[in-house]
Amino acid sequence: MTDTLRTGDLESLAGRAGRELEDASAPEILKWAADTFGGKFCVTSSMEDAVVAHLASRVLPGVDVVFLDTGYHFPETIGTRDAVEAVMDVNVITLTPRQTVAEQDAEYGPKLHDRDPDLCCALRKVEPLQEGLTGYTAWATGLRRDESPTRANTPVVGWDGKRRKVKVSPIARWTQEDVDAYVAEHGVLTNPLLMDGYASVGCAPCTRRVLEGEDVRAGRWAGRGKTECGLHD
């Protein structure tokens with residue numbers, strides 16, 4: 001259906017769907033995406049949990065699940081990816097940066113993540129995803145409005161102007177309690193670090209455990225003004 005739509009038409013489609021599906025359930029939102037985009041639709045996952053991948057697999061079995069292997073992930077994150085690939089009806093696609101960590105260190109110096117985290121994220125996350133999404137018209141994320149002030153206005157379907165694609169956030173309206181309930185009901189895989197004091201899981205050098213009462217993303221780039229990696233700016 002969308003193969004013949006121009007960018008402007010896709011942007012209008014996204015805006016209309018965002019309004020019409022605002023009160024729809026996550027499965028209904030994903031079914032709309034699957035029906036509308038078919039094989040041109042994928043799910044992205046940080047492997048913090050597999051909730052959106054699980055939801056999508058129920059409406060589009062074999063759906064592509066795109067994972068960014070930055071070279072800096074915790075072993076538990078890689079293990080979660082491998083487990084998702086083994087037990088769920090999805091097609092896991094692992095994207096990697098142009099340079100290995102060693103090659104990046106040689107060009108930019110060691111520990112770029114400490115000296116210029118924005119550049120590190122651009123090289124190891126933003127650019128690989130830009131290239132990896134080339135063949136898709138729409139992509140799904142696990143963004144939730146309750147995660148941080150910067151995500152409070154996340155639409156369930158919106159327009160990703162940077163990549164010129166439709167961006168689907170089926171659990172945008174969910175709370176952490178909703179996520180926990182879904183995980184418990186369906187036995188969904190989650191990253192073991194979530195049981196070890198981490199509320200949000202990113203690259204190991206830039207992620208710490210959170211303290212009681214802190215924002216769920218307070219452990220990401222702690223002590224810096226940075227709150228997002230650039231994938232969702």
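## A six-stranded sheet and its helices

Strand 5 and strand 6 pair in the antiparallel sense, joined by four bridges. This is a predicted model. Within the pair, Val157 finds its bridge partner in strand 6, at Val168. The two strands form a hairpin, and four residues lie between them. In that turn, Arg164 has a positive phi of about 60°.

The hairpin belongs to a wider sheet. How many strands does the open sheet have, and in what order? There are six, in the order 3-2-1-4-6-5, and the pairing is mixed. Strands of a sheet pair through backbone hydrogen bonds, either parallel or antiparallel. Which strands stand at the edges? They are strand 3 (90-95) and strand 5 (157-160). Each has a single partner strand, so one side of each is left without a neighbour in the sheet. On average, neighbouring strands of this sheet are turned by 30° against each other, direction ignored.

Now go to the edge formed by strand 3. Strand 2 (residues 63-68) and strand 3 run parallel, and six bridges join them. One of the residues in this pairing is Val66, with Ile93 in strand 3 as its bridge partner. So the two edge strands can be told apart by their pairing: strand 3 is parallel to strand 2, whereas strand 5 is antiparallel to strand 6.

Helices lie across the sheet at both of these places. Helix 1 (residues 7-20) lies across strand 5 and strand 6 (165-168). Helix 1 runs at about 150° to strand 5. Helix 4 (residues 75-87) lies across strand 2 and strand 3. Its angle to strand 3 is about 145°.

Next come the contacts between helices. Two packed helices are described by the angle between their axes and the distance between the axes. Take helix 2 (residues 26-37) and helix 3 first. They pack at an angle of about 60°, and their axes are 9 Å apart. That angle makes helix 2 oblique to helix 3. The crossing is right-handed. Helix 2 brings Ala26, Pro27, Leu30, Lys31 and Ala34 to the contact, and helix 3 brings Val52, Leu55, Ala56 and Val59. What classes of residue make up the contact of helix 2 with helix 3? Eight are nonpolar, none is polar and one is charged.

Helix 3 (residues 51-59) also meets helix 8 (residues 176-186). Their axes come within 11 Å and cross at roughly 60°. Helix 3 is therefore oblique to helix 8. Is the crossing of helix 3 and helix 8 left-handed or right-handed? It is left-handed. On the helix 3 side, the contact uses Val51, His54, Leu55 and Arg58. These meet Val179, Tyr182, Val183 and His186 in helix 8. By class, the contact of helix 3 with helix 8 has five nonpolar, two polar and one charged residues. Leu55 is listed in the contact with helix 2 and also in the contact with helix 8.

A further helix pair is formed by helix 5 (residues 101-108) and helix 7 (residues 117-132). The axes come within 12 Å and cross at roughly 140°. That makes helix 5 oblique to helix 7. This crossing is right-handed. Val101, Gln104 and Tyr108 in helix 5 meet Leu119, Cys120, Leu123 and Arg124 in helix 7. Five of the residues in this contact are nonpolar, one is polar and one is charged.

Cys120 leads to the record. It is found in helix 7. UniProt, in an unreviewed entry, lists Cys120, Cys121, Cys203 and Cys206 for "binding site". How far do they spread in sequence, and what is the largest C-alpha distance? They are spread over 87 residues of sequence, yet they cluster in space, with a largest C-alpha distance of 10.8 Å. Cys120 thus appears in the annotated set and in the contact with helix 5.

The same record type also covers a longer stretch. The UniProt annotation "domain: Phosphoadenosine phosphosulphate reductase", again from an unreviewed entry, covers residues 46-208. Over these residues the chain is 37% helix and 14% strand. The end C-alpha atoms of this stretch are 16 Å apart.

Note on methods. Residues numbered from 1 in each chain as written. Predicted model: local features only at pLDDT ≥ 70, side-chain atom pairs only at ≥ 80, totals over all residues. Heavy atoms only, no water. Axes fitted to C-alpha atoms, helices over the stretch in contact; angles between N-to-C directions. Parallel < 35°, antiparallel > 145°, perpendicular 65-115°, else oblique. Left-handed = near helix turned anticlockwise from the far one by under 90°. Contact = heavy atoms within 4.5 Å. Nonpolar A, V, L, I, M, F, W, Y, C, P; charged D, E, K, R; others polar. Pairing = 2+ DSSP bridges. UniProt positions renumbered as here; feature names shortened; annotations may be inferred.
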